[in-house]
Each structure stands twice: as structure tokens, then as C-alpha cells.
Amino acid sequence: MQDSGHTFQSPLAVAAEAARRVGNHHALLLTDFDGTLADLAPTPDLAFVETGVQAVLEAVAAHPAITLGVVSGRRLEDVSARVSHVAEFVAGLHGLEIDGHGLTFHHGVLESVAPIIERVDREARRLLDWCPGCLIENKEFALTCHVRQAPPYLAQLALETFESLAEPYLETRKLRLLIGAQAMELLPSVDWDKGRAVEWIRTRVSATFGYTVPVIYLGDDRTDEDAFTDLGAGDFAVGVGHRPHTHMIDARLEGPAAVGEFLGEVTRIIGLQS
Ligand SMILES: [Mg+2]
């Protein structure tokens, strides 16, 4: 399908195209959470999946021809609970922790980075307490500074403060900095991202079927681009919203409501094909 710039496509048309790509193979359907299944919320704890979308997720999860996984920057337990534990695979911290099919992946760097995160967390709370609406989120192995709720004239200064206190850890390559929409996140500096998580999950699911299963991946932000760039010709990449680069994706949907429609339709068609 030709991606037409930043115009959004009909969820039904995109579903037909994705299902055609999958053919009669088993499909691995992987999706981001925030901005993809749930609208972006003022603070992370307020994000939720609409009832209609949750019902569709349950139908996808129950479908014998599809394996459902969620790949998020949240902690694994957090994102799993937010989809009512329906996904067979869940990846948290951008893939640094993965659970599914009774298998667990926990990146070896995590334990060594926890004390650093704790130290930066303390410094960040002390140095940013002047900024109303600035939220420091400690994920144990990652630290996020959210400024969505801060007054715009303070938000930039808050992010600059956060970045400057991270500087020594960036220089020594203990941590890396991820710049998001009105947020910055410090993560362990390792060569592991959502793309690697997708391949980890695909390898396990493919082993069950005896062939490389095609992936349908949906995501809205910079970290999802790590997954998009690792997909192959038999896979299908769905960008959500304006952010994902056009050349990386097969189609673009407007937001979580359109994603819900897409998921319902792609499940229906794959069911007919399988
Ligand atoms: Mg997202």
C-alpha cells in the first residue's frame, strides 16, 4: 500500500492490506500501548484502553490464528495489567523485560543500572522541585521526566535540567537518553530495543509453527521506529498518528479508536483466511 504522507487511512482498508500480507500464515500481532491502544494521558497512570478497544483485544487474543503481544516503555506488569492480562507476550521497558509462553527475558544490564537510576532519581527530584507539573517517574531500571503538565515556559528548562544531570552517565555510556513527546527518559545504554524484542518474540512463536511467522506491528513513537526498521518484506508496519516516518511504515492510522477498528477487521479477515 502506498503511504500517502500524513493523511490517515481507513482502518478497514489497512486491515485488508495487512491480512493479505499475512496470507494463510499464523500472524504475530504486536502493538505499542501509549498513543496506540490508549490515548496519551496527562500522566502515565491515567492512560486506559477504551471498553470497545479492550473487547477487540480480547477477541484478537482468543483467535487461534493470531498471537497477540504488547511492547511498551512501561514496566511489564504495568502494561500487562492495563490490557487486563490478555496478551500472550508482554514486553516492558522497551523490550528489556519480556514475558510470554512461560518464557522470561530479563536483560542482564538491569540490575547493575538500578543503583544509578536511584541516584539520578534523588538528584532529579531535588533539582526539579521548583517546576510545577513536572513528574519524575522511577521505573527502577529507567527514569522518566514528564513535563506534559508543566507550564510551557518552564517545561523546556525542566528538560534541560534533567538532561544536564544525566550528562555524566551519558558520557560514560552507563545510560542513554530517549527524547519523547514532552518527556525524556534515561535507560541502560545497551544495544537492545523494541526491534530486538520483536525478534525475540518472533523466534519463540515461529518455533511453535515451524516457519517464520509474519509480524503486524503498530506503534506511534520514536521507540516503535526501532521495531519498524527491523521488520521484513513479509511483515506489516502500521504507524499511528503523525510521528512515525513515512518510509518505515506500510500504513498510517489516526489513533487508538482507529486501531481498535483495524484490529477487529484484521482479526475477522485472518479468521476467514486461516
Ligand atoms: Mg506509544
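**Exercise 1. Which residues is V238 in contact with, leaving aside its neighbours within four places in sequence?**

Solution. Begin with the conventions: this is a predicted model, in which local features need pLDDT of at least 70 and side-chain atom pairs count only at pLDDT 80 or more, while totals for chains, interfaces and linings use all residues. Residues are numbered from 1 along each chain as its sequence is written. Two residues are in contact if their C-beta atoms, placed from the backbone, lie within 7 Å. With the sequence neighbours within four places set aside, V238 is in contact with V14, I216, Y217, L218, I249, D250, A251 and L253.

**Exercise 2. Place V238 in its nonpolar core, and identify the second core.**

Solution. A nonpolar core is a set of buried Ala, Val, Leu, Ile, Met, Phe, Trp, Tyr and Cys residues joined through C-beta atoms within 7 Å, where buried asks for 20 or more other C-beta atoms within 10 Å of the residue's own. The largest such core has 55 residues, and I216, Y217, V238 and V259 touch the most other members. Helix α8 (residues 256–273) gives the largest share of this core, 6 residues. A second, separate core of 24 residues includes L128, F141, C145 and L175.

**Exercise 3. Describe the sheet of 8 strands and the helix α7 that packs on it.**

Solution. Helices (H or I, at least four residues) and strands (E, at least two) are DSSP runs, numbered from the N terminus, and two strands pair if DSSP finds at least two bridges between them. The open sheet follows the order β5-β4-β3-β2-β1-β10-β11-β12, with mixed pairing. Its edge strands, each pairing on one side only, are β5 (103–106) and β12 (251–253). Helix α7 (residues 222–230) touches β2 (66–71), β10 (215–219) and β11 (236–240), and its direction makes about 160 degrees with that of β10; axes are lines fitted to C-alpha atoms, for helices over the stretch in contact, and angles run from 0 to 180 degrees between N-to-C directions.

**Exercise 4. Trace the sheet of 4 strands, and find the bridge partner of N138.**

Solution. This open sheet has the order β6-β7-β9-β8 and antiparallel pairing, with β6 (135–138) and β8 (175–180) as its edge strands. Between β6 and β7 (residues 143–146) there are 4 bridges, and N138 has L143 in β7 as its bridge partner.

**Exercise 5. State how the chain is divided into domains.**

Solution. By an automatic or database domain assignment, the protein chain is divided into domain 1 (11–107 + 192–273) and domain 2 (110–188). Taken over C-alpha atoms, their centres are separated by 27 Å. The contact takes 12 residues from domain 1 and 14 residues from domain 2.

Terms used. A residue is buried if 20 or more other C-beta atoms lie within 10 Å of its own, exposed if 12 or fewer, and partly exposed in between; C-beta atoms are placed from the backbone.
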